[in-house]
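Biologist: I am new to this structure and would like to know what stands behind the words used for it. Please go through them one by one.

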Amino acid sequence: MEFLSVESSSLSSSIAVGGFSVGQIGAVFVSATTVLLTTLAALTFTLVWLNGRKNSASSQFQMVDSLFFRIKNKAQRLVRSHMSKSSSSSTAVKIAESSSTTTATTTTNNSQSGTIVAQQRPWSPPPGPVGWPLIGSLHLLGQYEVPFEAFSQLSRIYGDIFSITLGSTPCVVVNSFKLIKEVLITKGPHFGGRPNFIRYDILFGGDRDNSLALCDWSYLQRDRRSIARHWCHPRVDSMQFDTLSRVLTSESGLMVNELSLKTAAAAPGKGIDLKTTMMTMCANVFTHYMCSTRFDYDNKDFGKVVRLFDQIFWDINQGYAVDFLPWLLPVYRRHMQQLKSWGTDIRQFIIKTIIDEHRSTMDVNNPRDFTDVLLCQLNSNSQKNQQDDGENNNDQQQFDWNHVLYELEDFLGGHSAIGNLLMRAVGELCSTPHVMANIQEEIRKVTGDNSRPVVLEDRPNMPYTEATILETLRLSSSPIVPHVAMQNTSVAGYDVQEGTMVFLNNYELNISPDYWGDQALTFDPSRFIIQGKIVKPEYFIPFSTGKRACMGYRLVQHVSFVTLATLLQNFDVSPSEDVIHLPKACVAVPPDAFRVVLTPRPSAPAPY
Ligand code: HEM
């Protein structure tokens with residue numbers, strides 16, 4: 001409990017609220033009416049905010065905000081003056097210790113006596129805006145298209161690290177590469193948690209720990225990551241790499257066939273729905289590679305599941321007021337029911353079409369694919385349990401059915417991220433035809449005047465195509481899933497309390513002129529190429545870093561490379577009548593995305 005702690009050890013059993021003892025609470029009561037009034041004002045503003053009246057309400061916000069600041073400052077001054085008076089007769093004053101937000105314990109070496117001395121020092125959180133009751137500083141984020149813009153603006157006022165309360169959740173925002181490294185690498189184990197958003201539980205069968213990306217760090221998570229390693233990071237010359245290469249060649253050829261049919265049937269200038277085909281292609285790459293199963297483009301059940309994955313990916317990339325204001329849940333009831341049924345439908349499909357079939361045909365001594373490898377974990381668990389004679393001395397969690405199902409679902413769902421990233425790349429190319437021409441020229445050279453399709457093995461020789469994907473990532477990736485401090489700790493010397501949500505603002509790293517120069521917002525893949533080679537600055541971390549870094553980044557690089565190159569080898573891409581809006585700081589584009597015109601290229605080779 002962060003603001004309410006009870007010290008039972010003290011004879012007077014003093015109750016500390018927000019670090020103030022009973023003796024000081026009187027001063028708080030003096031301003032109780034003020035708090036009530038400001039709470040009502042905050043509620044009104046929450047409703048305005050929810051109605052989406054961001055821009056028109058912003059000046060109104062600023063006015064009431066400053067009024068609230070004045071009231072709040074006055075209340076704080078009252079409390080402070082009361083505290084200093086009562087500290088002189090200090091028997092009643094006892095500030096809560098370990099769980100209080102007002103003190104921190106540090107150990108220092110007393111050089112004279114040679115002993116380690118524990119010292120109390122004032123709790124020192126990073127500076128930041130003062131929040132309102134109930135909504136905290138959520139209203140500050142509501143004024144921007146994406147929260148990361150607000151974070152960048154606030155960092156200009158408060159510095160590279162600042163505190164902000166969202167709803168009643170204490171958060172810290174970290175804006176510089178140096179401090180992001182401190183959080184993710186130097187203090188990675190301290191920040192291995194994820195937020196307790198209700199949405200996350202609902203999406204993953206009622207428990208976000210079922211999800212690899214949304215769970216808190218645990219031994220189980222370490223094991224789940226390790227089981228998937230060979231499949232997520234296929235090394236050149238490995239069985240996994242060869243399989244992926246073969247799958248990509250076959251699936252990209254089938255995608256070209258499908259797009260050719262769609263293009264031939266399209267009305268001139270109207271464009272086609274590229275996204276559905278691209279997502280289906282990526283989904284088939286994943287099921288083919290990880291489950292040795294593929295589905296035809298006209299398979300309605302598969303089409304529905306691909307769409308559900310896409311809707312979930314879009315949803316996870318959005319921020320909702322209910323994430324920080326859980327009492328709004330009744331307003332979101334329908335949305336939450338939808339999320340639940342999307343997840344359930346996907347799981348039923350995976351069990352019916354993939355897991356059941358694998359279970360009935362697998363050979364534990366000869367796993368065929370990632371699905372078999374996961375199922376073998378169950379087997380090794382049951383053997384181990386027999387050896388332990390029913391007693392499990394190991395306190396680490398065992399791998400069970402749910403883990404198989406959810407881990408498979410998590411990785412198969414990765415295709416949505418790649419499909420969306422590719423749509424963003426296509427969206428960028430629609431307004432940069434010279435970049436498309438550069439890629440097509442690179443393809444022509446590497447494939448001997450388009451005498452053969454592009455294959456995965458061409459990737460090292462096609463830096464410009466690779467750089468186009470990196471540039472797309474630079475302008476879109478953002479830290480969608482925050483970290484959470486799993487213990488009291490510090491960043492940049494400031495105290496950070498257990499349970500604090502930590503946003504790593506890599507959007508700032510990606511678009512700040514401090515890192516990328518004057519043309520930071522221009523789509524220019526050549527910024528990643530020096531003397532014909534890809535060079536990634538160390539501060540470019542679209543997949544994050546440290547123990548919770550993205551597990552799928554190699555698959556992203558491989559799959560997006562072959563798909564984009566195959567598309568551009570076969571078609572010129574241009575805008576249709578649709579407006580192309582690429583959301584800021586977000587890999588996802590809406591499920592019903594813009595249509596594009598594909599014009600077949602006469603020089604394209606026949607697919608393998
Ligand atoms: C455009 C593509 C993608 C981007 C930009 C991306 C980015 C990220 C980021 C920023 C994180 C959070 C890291 C952190 O919190 O420090 C993450 C986590 C994760 N990603 Fe990705 N990702 C992408 C695609 C994929 C794919 C294709 C897969 C699977 C095949 C995948 C699997 C995961 C997993 C399992 C985690 C959670 C790791 C953990 O928390 O331990 N990602 N990703």
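Modeller: Helices, at least four residues long, and strands, at least two, are DSSP runs, numbered from the N terminus. With that naming, H15 gives six residues to the shell around the ligand, the largest share. Keep in mind that this is a predicted model.

Biologist: How many helices and strands does the protein have?

Modeller: The protein has 20 helices and 14 strands. Of its 608 residues, 38% count as buried. Among contacts between residues at least 6 apart in sequence, 72% join residues at least 24 apart.

Biologist: Which residues come nearest to the ligand?

Modeller: There are 27 residues around the ligand, and Ala 213, Gly 414, Ser 544, Cys 550 and Gly 552 come nearest. Helix H8 (219-232), helix H15 (401-430) and H20 are the elements that give two or more residues to this shell. By class, the shell has 18 nonpolar, six polar and three charged residues.

Biologist: Why is Ser 544 called partly exposed?

Modeller: The Ser 544 count is 18 C-beta neighbours inside 10 Å. Buried needs 20 or more, and exposed needs 12 or fewer. A count of 18 falls in between, so Ser 544 is partly exposed.

Biologist: Where is Ser 544 found, and what is its phi?

Modeller: Ser 544 is in the loop between strand E12 (533-534) and H20. Its phi is positive, about 65°, although Ser 544 is not a glycine.

Biologist: What about Ser 292: where is its place?

Modeller: Ser 292 lies in the loop between helix H10 (274-291) and helix H11 (300-316). Ser 292 is not a glycine either, and has a positive phi of about 50°. With 17 C-beta neighbours inside 10 Å, Ser 292 counts as partly exposed, because the count lies between the limits of 12 and 20.

Biologist: What makes Gly 131 buried?

Modeller: Gly 131 has 24 other C-beta atoms within 10 Å. The cut-off for buried is 20 or more, so Gly 131 is buried. Its place is the loop between strand E4 (115-122) and helix H4 (138-141).

Biologist: Which residues is Gly 131 in contact with, leaving aside its neighbours within four places in sequence?

Modeller: They are Gly 136, Ser 137 and Thr 165. Gly 131 and Ile 164 are 33 residues apart in sequence and 7.2 Å apart in space, C-alpha to C-alpha.

Biologist: Is Pro 600 buried or partly exposed?

Modeller: Pro 600 is partly exposed, because 14 other C-beta atoms lie within 10 Å, under the 20 that buried requires and over the 12 that would make a residue exposed. Pro 600 belongs to strand E14 (residues 596-600). Beyond its neighbours within four places in sequence, Pro 600 is in contact with Ser 260, Thr 263, Asn 570 and Phe 571.

Biologist: How do you know that H9 is roughly antiparallel to H10?

Modeller: The axes of helix H9 (residues 239-265) and H10 come within 9 Å and cross at roughly 155°. Angles over 145 degrees count as roughly antiparallel, so H9 is roughly antiparallel to H10. The crossing is right-handed. Residues making the contact include Leu 244, Val 247 and Met 255 of H9, and Met 281, Val 285 and Tyr 289 of H10. By class, the contact of H9 with H10 divides into eight nonpolar, four polar and three charged residues.

Biologist: Why are H10 and H11 called roughly perpendicular?

Modeller: H10 and H11 pack at about 100°, with their axes 10 Å apart. The range for roughly perpendicular is 65 to 115 degrees, and H10 and H11 are therefore roughly perpendicular to each other. In this packing Met 279, Thr 280 and Ala 283 of H10 meet Gly 303, Val 306 and Asp 310 of H11.

Biologist: What makes H17 roughly perpendicular to H20?

Modeller: Helix H17 (residues 463-474) and helix H20 (residues 553-570) have axes that come within 10 Å and cross at roughly 110°. That angle makes H17 roughly perpendicular to H20, because the range runs up to 115 degrees. The crossing of H17 and H20 is right-handed. Thr 465, Glu 466 and Ile 469 in H17 meet Ser 560, Phe 561, Leu 564 and Ala 565 in H20. This contact has four nonpolar, two polar and one charged residues.

Notes:
Residues numbered from 1 in each chain as written. Predicted model: local features only at pLDDT ≥ 70, side-chain atom pairs only at ≥ 80, totals over all residues. Axes fitted to C-alpha atoms, helices over the stretch in contact; angles between N-to-C directions. Parallel < 35°, antiparallel > 145°, perpendicular 65-115°, else oblique. Left-handed = near helix turned anticlockwise from the far one by under 90°. Contact = placed C-beta atoms within 7 Å. Nonpolar A, V, L, I, M, F, W, Y, C, P; charged D, E, K, R; others polar. Near = placed C-beta within 6 Å.
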